[in-house]
Amino acid sequence: MNLALKLDRIAARADELRAMLSEGLSGETYVKASKELSEIEPVVARIGELREAERAREEASSLLDDPEMRELAEAELDELKNKIPALAHEIQLALLPKDEADARSAILEIRPAAGGDEAGLFAAELFAMYQKYSEGHGWRFEILEYSDTGLGGLKDASAEITGRNVFARLKYESGVHRVQRVPATESQGRIHTSTVTVAVLPEAEEVDVQIDEGDLRVDVYRASGAGGQHVNKTESAVRITHLPTGIVVTMQEEKSQHKNRAKAMKILRARMYEQQRASLHATRAADRKSQVGTGDRSERIRTYNFPQGRVTDHRINLTLYKIDRVMMGELDEFIDALTAEDQAARLAAQE
């Protein structure tokens, strides 16, 4: 179906819905019609602007032969030359199939991979970077688990990031992040390469994922080691294993076993929901492991090179020479470019 015909059908559907609502619908029928209209109204408004611009172009073209109006008509046509394609592109983007997870909050998980202590230190810096980014967007950043190395680094950490369109903005951050710099412990001044894995999962509601208690093995034990901010003598730490999928979640951040279990279930639900999404969408990874990679030094979505002050996203070949600002949470330039690239690829796939 060409774009003009598709736009005609959307505009006609909006008229039909308005007529239905004016007839005094009630109950579920009213709710459905109202919801559908609210979803397509922004597109319908843009369609109206496009049609108005196209009419203006026709009128201006018809005045080109009039010597008194020619200059005015040419000026209007010059303005419309960019406006019409821009409106059409905006409408096409609005018509792309929506990922219903985009509007959701997200679970962030970060773990050091290759590189020993240096990987742990950089993992802690990445975790702080995402916290600053979240705060800059007015999102709530709640640490679910933070297991440190005792040397300023982290062994693994997770956070719940709550807000509007969190997953839409952060979903491109999943993968292997590589750092190149001279570690503080390096006496010879040699540059080391380390890697950290990042996973961003859309937060799942209970209605999204049905978990049978009989499928869970729950182990409780004492929090121990450098991990856990509140190591204590009670069996408050929780390990939940979902037997059918083999997914294991551990939590020992809280002093309360009940709170640790609730946090662990939140992460389990998010991982299972992402696994379901992966099986439904062939373009996404088949499971969490392929989403974040193995952490090998050769695998990476982004490289942070401190000696040169640059950050490079290898998926879109974008390099920014402002590593200090990126580490302070200024990620929008990367995320905007990744979003635009994804939209362009999806538009091309529809042609």
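**Reading sheets and charges in a predicted model**

Modeller: Ala-106 stands opposite Ile-161 in strand 3. This pair is a useful place to begin, with the reminder that the model is predicted.

Biologist: How many bridges are there between strand 1 and strand 3, and in which sense do they pair?

Modeller: In general, strands of a sheet are held together by backbone hydrogen bonds, in either the parallel or the antiparallel sense. Here strand 1 (residues 106-112) and strand 3 are antiparallel, and five bridges connect them.

Biologist: Which residues stand opposite Ser-147 and Glu-142 in strand 3?

Modeller: Ser-147 faces Asp-156, and Glu-142 faces Glu-160. The pairing of strand 2 with strand 3 (residues 154-162) is antiparallel and extends over eight bridges. These two strands form a hairpin with five residues between them. In its turn, Gly-150 has a positive phi of about 90 degrees.

Biologist: What is the strand order of the open sheet of eight strands?

Modeller: The order is 2-3-1-5-4-9-10-11, and the pairing is mixed. Strand 2 (140-148) and strand 11 (318-320) occupy the edges; each has a single partner strand, so one side of each lacks a neighbour in the sheet. On average, neighbouring strands of this sheet are turned by 15 degrees against each other, direction ignored.

Biologist: Within that order, how many bridges join strand 9 to strand 10?

Modeller: There are four bridges between strand 9 (residues 302-305) and strand 10 (residues 310-313), and the two strands run antiparallel. At Asn-305, the residue opposite is Arg-310 in strand 10.

Biologist: How should the open sheet of three strands be read, and what is its order?

Modeller: The approach is to take the order, then the edges, then the individual pairs. The order is 6-7-8, with antiparallel pairing. Strand 6 (216-221) and strand 8 (247-251) are the edge strands, each pairing on one side only. From one strand to the next, the twist averages 15 degrees. Strand 7 (residues 237-242) runs antiparallel to strand 8 and is joined to it by five bridges. Arg-239 has Thr-250 in strand 8 as its bridge partner.

Biologist: Turning to charges, how many salt bridges are counted?

Modeller: Side chains of opposite charge can pair when their charged atoms come close. Taking a side-chain nitrogen of Lys or Arg within 4 Å of a carboxyl oxygen of Asp or Glu as the criterion, the count is 23 salt bridges. One of these links Glu-74 with Arg-70, where the closest N and O atoms are 3.2 Å apart.

Biologist: Why are Glu-74 and Arg-70 separated by about one helical turn?

Modeller: Glu-74 and Arg-70 lie four residues apart in helix 3, which places about one helical turn between them.

Biologist: Which residues form the negative surface patch?

Modeller: The patch consists of Glu-58, Glu-59, Glu-76 and Glu-79. Helix 2 (27-62) and helix 3 (70-94) are the elements that contribute two or more residues to the negative patch. Glu-79, for instance, belongs to helix 3. Helix 3 thus appears in two readings: the pair Glu-74 and Arg-70, and the negative patch.

Note on methods
Residues numbered from 1 in each chain as written. Predicted model: local features only at pLDDT ≥ 70, side-chain atom pairs only at ≥ 80, totals over all residues. Heavy atoms only, no water. Pairing = 2+ DSSP bridges. Axes fitted to C-alpha atoms, helices over the stretch in contact; angles between N-to-C directions. Patch = residues over 30% accessible without salt bridge, like charges linked within 9 Å, V, L, I, M, F, W, Y side chains within 5 Å. Areas by Shrake-Rupley, 256 points an atom, 1.4 Å probe, with all protein chains shown as cover. Lys, Arg positive; Asp, Glu negative; His and termini not counted. Charge placed at Lys NZ, Arg CZ, Asp CG, Glu CD.
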